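Biologist: I have just opened this model and would like to learn to read it piece by piece. Shall we go through it together?

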Amino acid sequence: MSSTKVGFRLAACLLNISEARRKDIVEKIAKAAVYGDNGQKHHQITVLNIFSDYEYNRSVITIAAPIDMLGNYVIAACTEAFQSIDMAIQEGIHPCLGAVDLVPIYPLLNVGVEECGKVARNIAEILTLRVPGCSVFLFGQADQPEKRSLVQRRKQLGWFKGRDFNSMKVKPDIGASPSERYGITGVGASPYVMNCNVTIDTEDIATGKDIASAVRGSNTSGLKGVQAMAFPHNGKIEIACNVESFEDEDKIITAHEDSVYISYCVLGKTFSCVSPQSIEAQIKKLASNYGINTARTALVGFTPEECKHCATYALKKGIGEFWRMRRGMFM
């Protein structure tokens, strides 16, 4: 039985940290969101999932809570991460600029993305006070008034090129100039973004990059809202996809296309995103043109509806470490 009433105004943070090889550290960071300094468990908070990839040396921790409380729990987890991860010695295949690389806030239930933006901005401001020396760039609804996307900001900062803060001359939106230890952290808000990774059975990175390019939404024949990159991964190539949700205001999704997308509602607005099954099928089709098979597909966490339902259930039941029921996902 739950010892608390759930406030049904829920949001989630898919906290991206630059650590996966020390499982104890990843779990300590996740627990920092759930438990106070005195070891007392917070009631209206749940860590739904931990997805860790050893080769990437990157973990995604899914934290859900009522929107007016989420910021405190995310800040606690970030503070622990900054204490535990040193970017001066961090190694991994996946691009990253910060010990805490990304703090995105997504609406789940009865919360608008604008309010999530305000919470994200508040997280950024408190973090830079609580952890002197850390620095933040803003994106999405937290980046006012420009509302630049995460991809725009990452391109501006050279996220895709590796980290050399001396030559990059990065100017943060909030906080100190990026340090070798902390790097720079992206904080923002948007409609839900899924992460779906499809592994193809080849070691040819050029082929992987061609397939990633073809599946991107920016390609005329690509999948709407999908961003993709190719990385070497465990002797194969992984196509790592960020899958953005979009509001279908003009009803551009036809009945024929409907099976490609999954739809969900937040505050009466309908959002859609490409389903993991459609991404897998498209990459499988593209790979077959090269005589290559797909090896596996991994959804990093949940679809938007799954996240909402799991959060509601976990909070009703008072399950702070819901991820233990799913046994996390360490690769």
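Biologist: Happy to start small: what phi does Gly-158 take just after helix 4?

Modeller: Helices are DSSP runs of H or I with at least four residues, strands are runs of E with at least two, and both are numbered from the N terminus. Helix 4 covers residues 150-157. Gly-158 comes just after helix 4, and its phi is positive, about 75 degrees.

Biologist: Before we go on, which pLDDT do side-chain atom pairs need in order to count?

Modeller: Residues are numbered from 1 along each chain as its sequence is written, and side-chain values use heavy atoms, with hydrogens and water left out. This is a predicted model, in which totals for chains, interfaces and linings use all residues, local features need pLDDT of at least 70, and side-chain atom pairs count only at pLDDT 80 or more.

Biologist: Back to helix 4: why are its buried residues on the same side?

Modeller: Buried means under 20% relative accessible area, exposed means over 50%, and partly exposed is in between (1.4 Å probe, protein chains only). In helix 4 the buried residues are Leu-150, Arg-153, Arg-154 and Leu-157. The arc is that of the directions from the helix axis to the C-beta atoms. These residues sit on the same side of helix 4 because they cover an arc of only 100 degrees.

Biologist: Which residues are the closest to the centre of the largest pocket?

Modeller: On a 1 Å grid over the protein atoms alone, a pocket is an open set of points with protein on both sides within 12 Å along at least five of seven lines, a cavity is a set where a 1.4 Å probe fits but cannot get out, and lining residues have an atom within 4 Å of a point. Grid points are joined across faces, edges and corners, and a volume is the space filled by probe spheres set on the points. The largest pocket holds about 1000 Å³. It is lined by 47 residues, and the closest to its centre are Leu-150, Val-151, Arg-154, Gln-227 and Asn-242.

Biologist: Which helix gives the largest share of the lining of the second largest pocket?

Modeller: The second largest pocket has a volume of about 330 Å³. Helix 1 (23-34), helix 2 (67-84) and helix 3 (113-130) each supply at least two residues of its lining. The largest share, six residues, comes from helix 2.

Biologist: How many cavities of 30 Å³ or more does a search of the whole structure find, and which residues line the largest cavity?

Modeller: The search finds one cavity of 30 Å³ or more. The largest cavity has a volume of about 30 Å³. Strand 4 (100-109), strand 12 and helix 8 (304-317) each supply at least two residues of its lining. The lining residues are Pro-107, Leu-108, Tyr-264, Cys-265, Val-266, Pro-304, Glu-305 and Lys-308.

Biologist: Tyr-264 catches my eye, so which residue is its bridge partner in strand 13?

Modeller: Two strands pair if DSSP finds at least two bridges between them. An open sheet of three strands has the order 11-13-12, with antiparallel pairing. Strand 12 and strand 13 (residues 269-274) pair over six bridges. One of the bridge partners in strand 13 is that of Tyr-264, namely Phe-271.

Biologist: What angle do the planes of the Phe-82 and Tyr-182 rings make?

Modeller: Rings of Phe, Tyr and Trp (its six-membered ring) pair if their centres lie within 6.5 Å; planes under 30 degrees apart count as stacked, over 60 as edge-to-face and the rest as tilted. The rings of Phe-82 and Tyr-182 are 5.3 Å centre to centre and edge-to-face. Phe-82 lies in helix 2 and Tyr-182 in the loop between strand 6 (174-175) and strand 7 (184-189), 100 residues apart. The angle between the planes is 75 degrees.

Biologist: Why is strand 8 called largely enclosed, and which residue of strand 14 does Thr-199 stand opposite?

Modeller: Eight of the eight residues of strand 8 (residues 193-200) are buried, so this strand is largely enclosed by the rest of the structure. Strand 8 pairs with strand 10 (residues 236-244) in the antiparallel sense over eight bridges. Five bridges join strand 8 to strand 14 (residues 294-299), also antiparallel. In strand 14, the residue opposite Thr-199 is Arg-296.
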